[in-house]
Amino acid sequence: MSIPAPLGRASPPTRARGVARDRLPPALPTCWPPGARLTLNSRAGRCLRSPAGIPSPGAEICAFDLPRHLRARLTRSSHANPALCRGRVVRVPAGNLVRVAGTELVIPCNVSDYDGPSEQNFDWSFSSSGGSFVELASTWEVGFGAQLYRERLQRGEILLRRTANDAVELHIKDVQPSDQGHYKCSTPSTDATVQGNYEDTVQVKVLSDALHVAASPLSSPGPGLGRSLSLHLGEPFELRCEAATTSPLHTHLALRWELRHGATRQRVLALTREGRLHPGPGYEQRYHGGDVRLDTVGSDGYRLSVTRALAADQGTYRCVVSEWIEEQGAWQEIQEKAVDVATVVIQPTVLRAAVGRNVSVAEGKELDLSCNITTDRADDVRPEVTWYFSRTPDRTVPGPHVLARLDRDSLVHSSPHVALSHVDARSYHLLVRDVSKENSGYYSCHVALWVPGHNRSSHKVAEATSAPVGVDVTWLEPDYQVYLNASKVPEFSDDLTELECRVVDKRSMEGSVRVTVSWYYRVNRRNDDVVTSELLAAMDGDWTLKYGERSRQRARDGDFIFSKERADTFSFRIQRTTEEDRGNYYCVVSAWTRQRNSSWVKSRDVFSKPVHIFWASEDTYPFDLIPSGITCFCSLIPDSVLVVKARQPKPFFAAGNTFEMTCKVSSQNIKSPRYSVLITAEKPAGDLSSPNETKYIISLDQDAVVRLENWTDASRVDGVVLEKVQEDEFRYRMYHTQVSDAGLYRCVVTAWSPVRGSLWREAATSLSNPIEIDFQTSGPIFNASVYSDTPSVIRGDLIKLFCIVTVEGAALDPDDMAFDVSWFVVHSFGLDKAPILLSSLDRKGIVSTARRDWKSDLSLERVGVLEFLLQVHGSEDQDFGNYYCSVAPWVKSPTGSWQKEAEIYSKPVFITVKMDVLNAFKYPLLIGVGLSTVVGLLSCLIGYCSSHWCCKKEVQETRRERRRLMSMEMD
C-alpha cells in the first residue's frame, strides 16, 4: 500500500545528475511484511522502524499521524490481508557470493512494483568494508564511476548488461582480491510517492586460485611429437588426469572427460560433485557394459579406461574440472579448468584373404581349396571364416550359398559332404567330397577378425573377402536316341490309339542315370501361324507323373493312359479317339542324374520326330497339312450314312381304330451304332396348339427308355406306344384315334456311337417319309366366335365376354356333344406377343383358372348349350388386350365312344380399360377444400383473439369540469 507524502512535503523527485541516492528526503514506510500488527490507537501505539525504513516481521505499526480516511482504509485492509506490501522492491542475490580470483563475477539486480516508465535505470556502488560506497557504474550516467574504476570500465573489464527493462547484470572480468567487498544496486525513483526500497546490497568474497589440474604422462605414447597414442581397433587404452584444490572453504570438485573431433566436442563420461557417474550421449551402452570406465587413482588421480577401441574413439581427449560451493542452499560453480590429456589415433587393421587359381576336377572326386589370411595383428584376435558358392563371379548378385563356416569360437558349421579344417594360424581348407555338375561355379572365402571384450563379448575389427575362384566339374553327358511309333492307328472315331516311345543306342548311362518321358500334342494349321505345343503329361526324376490342362480330366476318366512298358519303352494310349485328338504327337525323353542328397537333376533332353494321327474321307483329306519329315498314320473312310423308311401296315381305318406305323433304319460307316427314335405329327395349317405346326408325341432313346413328349391328352395317357421290334426296326401305335389326331406322322432317328465307356456321341440324324392320317367324315362342322357388350370399360367395371359355338351340317342331340373351352388373351394391340391362358372349362364342367399378378378376378361358366361366359371382375389396366377362345368339340359316336374333333379358334376381340378421371380426383379435391376451410377458420380465430386481448389499449379521457355561466348581476 502506498502512502501519500505528508502535507507540505513534495513527492521524491527524479534524481538530478550527480546527486547521491542517500540525499533523498525520508519517507514513511509503506510495506508491511507478514506478521506486522497495525495499531490505530495513538495512546497505545509506538512505531518500530527497521534501519531501511521497513517494519520488521512481527513489529507493531502505529498510525498516529495518518489522516482519518487512511486509518479506515488501513483498518479494512489489515483484516483482509495479513501482509500489507505495496511499493518498489530492488533485489540482488541473497547471502554472500564467493568467487575465485581470475574468474568472472556476475551480479544480477532487478526492480519490481514501480511506477513510471517501464525501462528503469540502475546505479552500482562498491564498498570494501561496508561503510562508505564509491560509485562503480550506472546505466544512466556514462561518467558515474569513480576515477579508480574508469580505466577498467573503458577496457570493458567492468560493464553493465541489461537483460530486461527492469533487470541488469554487473560483470567484472578477471576478478581480483581487491574486488572483495559490498556491492550496492540502487534505482533512481520514478514513483509519484516514496514507497518500498530503492537499493539492495550483496557481499562478495574473492578467493585465491587453489585448483590444480594436470595431465598424467602416457604409459605407451605413440610415435611422433606431442601427447599421441596410436592404437588398433579393439585394443584397450587408459588416460589419467590429476585434480586437487586447497581452498579454505568447503568446495566440491566435478570432473568430465571430453572427446574433440575438429570443432565438435562430445562428452564421454562425467563425475558429478555428488560423486555420481553419468555417461555421455552414445556411450550409455558401452558404460553399462563395462567397456568405458572412470576410476580414481590415489587422492587426486582420475583414470578413463576403454576396454576396446572403436573407430569413433579417435580424437583429442580433454579433462575438464570444475569447483563448486554451496550458496544459500544451492550449488554454484565458482571455477572451471581443462587440460588436453592425449590424442588417440586408431590405426585400421590390415586384413587380406586369398584363394588359389581356377581349378578343374572330375565328377565324383574331391575338391580341395585353401583360404590364406594376411594381417598385421599379433594380439589376441579370433578369425571367423565363411566359404561361399555362387553360379556367377559377380559379388553383387544377392543370395550366395554358404558352404561352411568356422565361427570365432572355432566351431565348424557345414553339411555332411563339406569339411572345413584349420591347417595353420593363417590357412583354412575347404574339402568337398564326391563333386558333381552342380558344384561347378565360383568359390570365395570371407574372413572377419574379432577381439574379445568385456563380459564375454566380442567386437569385429576387420573383415575381407577373397576374389572368387572358378571351379569346373567335368563329366560325361548321357548319349541316346529316341524313336516314336504308332502301334495302334484309329480307323473311326472312338477307336483305340497307341503310341510307343523307345530309347535306343544308350551310351555313357551308368546306374546313377534314369530316363523319363514327356508327351506333347500339336495341331497343324494351313497358314503360317506359330502353333505352340500342349503338354499332355510329364514325368519327373522321381517318377511323378504330372498331367497338362488338355489331358487332366480325360486321364482321370481313364481315357488317356500313360505307362512304362519296359526300361526303354514308354507308351501313350487313347482309349477312344475323338476328332479333337487328330494332330501331331511327339515325345521328349529326359536323362536325370542322381545327386549327393539323393535328389535328381535333369541333364539332357532328346526329342522324337512327330507322328501324325488323322482320319477323313477321300475327297476332304488335307494332305497339304502334313509337313515334311512327319510320319503320318492316317485312315481314309467315307462319310456316315443313315436312312429311315416308314410304312403303314393297315392303310385304311376309321376314327376309333388303332393307327400303326413302322420305321426301318439302315446305316453305313457308323461304328457300333445305337438308335434313338422320335415320333412327330405335323398338324394341319391353322392349328395354333403348336407354333411350328409340328408336335412331338413320344420318344425312345438309345438305351430303350420311352418318354412322352408333348402328348397332353390326359384321357389317353396309355393311348400311344413306341417299341423296338428289332435292332434296326421300331413300331408306333396309337389306340382309339380321334378326328383331332389327323396329320402327317414321321420318325426322326439319330444314330449314336459309344464314347469313353458309358458315354455316347451323336453320329448322324435322319427323317423318315411321312404317313398321313386323314378321316373322311360327313359329321357336323363347328365354328366359334367371341362377342362382348363392353369392349371399352372404366377401371373397376365388369367385363363380359361370350364364346358362342355354332354347328353346321347334321343336327346333333345336345347330350351327344361336349366342349373343352379355353380363354386366351394377348396383351398388345396386335397379335405379336405370346397368348396367355386365362381360364379353361373341360367337357366335364371342371373350371381351371391361371394365376395372375394383378387383383382382378375371373369367372367362367356355361350359360347355354352352345354359349360360354367369361367375366372379369374389378378390371385393372393390365386387363386390356385381344381376347379369344379355343373350343375342342367332343362328339359321341354310334358305338357310344367319344371322339374329339379338331380344335377350333375364334377371332379375337380387343378390350380397352380406361381410367375414371372424376373418381381419381374426387377424394384429393375434397381433402384440399376441407383443409383450406379449416386453415381459414383457424386464421380468423387467431386474428380475432389477438386483436381483442393482446392489442387492446385503455384510453383515459381527461375529465372536464362543467360550470354554468354566472350572470353578471350575480358577479
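Cys 109 and Cys 185 are both buried, and in this predicted model they are joined to each other as a disulfide whose sulfur atoms stand 2.1 Å apart. The torsion about their S-S bond is about -85°, so this disulfide is left-handed. Because Cys 109 belongs to strand β5 (residues 105–112) and Cys 185 to strand β10 (residues 181–186), the pair ties together parts that are 76 residues apart in sequence. The structure holds 6 disulfides, and three of these links are described in this report, beginning with the pair just given, continuing with Cys 241 and Cys 319, and ending with Cys 501 and Cys 587.

A disulfide is a covalent bond between the sulfur atoms of two cysteines.

| Pair | Sulfur separation |
|---|---|
| Cys 109 and Cys 185 | 2.1 Å |
| Cys 241 and Cys 319 | 2.2 Å |
| Cys 501 and Cys 587 | 2.1 Å |

**Cys 241 and Cys 319**

The sulfur atoms of Cys 241 and Cys 319 are 2.2 Å apart, and the link has -80° about its S-S bond, a left-handed arrangement. Since Cys 241 is placed in strand β14 (residues 237–245) while Cys 319 is placed in strand β20 (residues 315–327), this pair ties together parts that are 78 residues apart in sequence. With a relative accessibility of 0%, Cys 241 counts as buried, and Cys 319 is buried too, its relative accessible area being 0%.

**Cys 501 and Cys 587**

What is the handedness of the disulfide formed by Cys 501 and Cys 587? The torsion about its S-S bond is about 75°, so the disulfide is right-handed. Here Cys 501 lies in strand β34 (residues 497–507) and Cys 587 in strand β40 (residues 583–594), so that the link ties together parts lying 86 residues apart in sequence. Cys 501 has a relative accessibility of 0% and therefore counts as buried, and Cys 587, also at 0% relative accessibility, counts as buried as well.

**Cys 940 and Cys 945**

Two further cysteines can be described by their accessibility. Are Cys 940 and Cys 945 buried or exposed? Cys 940 has a relative accessible area of 56% and is therefore exposed, the cut-off for this class being over 50%. Cys 945, by contrast, is at 28% relative accessibility and so counts as partly exposed, because that class covers the range between under 20%, which is buried, and over 50%, which is exposed.

Methods. Residues numbered from 1 in each chain as written. Predicted model: local features only at pLDDT ≥ 70, side-chain atom pairs only at ≥ 80, totals over all residues. Heavy atoms only, no water. Disulfide = S-S within 2.5 Å. Helix = DSSP H or I, 4+ residues; strand = E, 2+ residues; numbered from the N terminus. Buried < 20%, exposed > 50% of the residue type's maximum accessible area, 1.4 Å probe, protein only.
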